[in-house]
Amino acid sequence: MKEIQDKISRFEQKELLMEKEREQLHHLRELLFVDQLAVVQHQRRPHAVAAENKEEEKPKPIITMG
């Protein structure tokens with residue numbers, strides 16, 4: 001009987017570990033999806049990004065108090 005109880009206990013521990021791993025995998029899949037979505041959105045808006053970069057390249061006016 002003790003052997004069977006030990007096996008059941010080990011099985012339950014492995015089952016809990018597998019459930020945690022499933023949750024981690026699910027979370028990683030969600031992160032991957034979000035990253036892929038961000039890449040797709042970035043690829044669809046190259047003009048907006050280019051315009052932002054051009055604005056950043058413009059020199060800022062110097063204000064002098066005198």
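How many salt bridges does the structure hold? The structure, which is a predicted model, holds two. The report below describes the chain as a whole, then these contacts, and finally a surface patch and a database annotation.

**Overall composition**

The chain contains two helices and zero strands. Of its 66 residues, 0% are buried. The accessible surface of the chain amounts to about 7200 Å², and carbon and sulfur atoms account for 59% of that surface. Helix α1 covers residues 2-44.

**Salt bridges in helix α1**

One salt bridge joins the side chains of D6 and K2, with an N to O distance of 3.3 Å. Both residues belong to helix α1, where they are four residues apart, about one turn of the helix. The other pairs E19 with R22, whose closest N and O atoms are 2.9 Å apart. E19 and R22 also lie in helix α1, at a spacing of three residues, again about one turn of the helix.

| Salt bridge | N to O distance | Spacing in helix α1 |
|---|---|---|
| D6 and K2 | 3.3 Å | four residues |
| E19 and R22 | 2.9 Å | three residues |

The solvent exposure of the four partners can be stated individually. K2 counts as exposed because its relative accessibility is 57%, and the cut-off for that class is over 50%. D6, its partner in the salt bridge, has a relative accessibility of 32% and therefore counts as partly exposed. In the other pair, E19 is partly exposed, with a relative accessible area of 36%. R22 is likewise partly exposed, its relative accessible area being 46%. For these residues, partly exposed denotes a value between the limit for buried, under 20%, and the limit for exposed, over 50%.

**Nonpolar surface patch**

Which residues form a nonpolar patch on the surface? M1, I4 and I8 do so, and together they present about 360 Å² of accessible area. Of these residues, I4 is found in helix α1, the element that also holds D6 and K2.

**Annotated region**

The UniProt record, an unreviewed entry, places the feature "coiled-coil region" at residues 1-31. In the model, this span is 97% helix and 0% strand. The C-alpha atoms at the two ends of residues 1-31 lie 45 Å apart. The annotation comes from the record, whereas the helix content and the end-to-end distance are computed from the predicted model.

Technical notes. Residues are numbered from 1 along each chain as its sequence is written. This is a predicted model: local features need pLDDT of at least 70, side-chain atom pairs count only at pLDDT 80 or more; totals for chains, interfaces and linings use all residues. Side-chain values use heavy atoms; hydrogens and water are left out. Patches are made of residues with over 30% relative accessible area and no salt bridge: like charges are joined within 9 Å, nonpolar side chains (Val, Leu, Ile, Met, Phe, Trp, Tyr) within 5 Å. Accessible areas come from the Shrake-Rupley method with a 1.4 Å probe; for residues, only the protein chains shown count as cover. UniProt positions are given in the numbering used here, feature names are shortened, and annotations may be inferred rather than shown by experiment. Buried means under 20% relative accessible area, exposed over 50%, partly exposed in between (1.4 Å probe, protein chains only).
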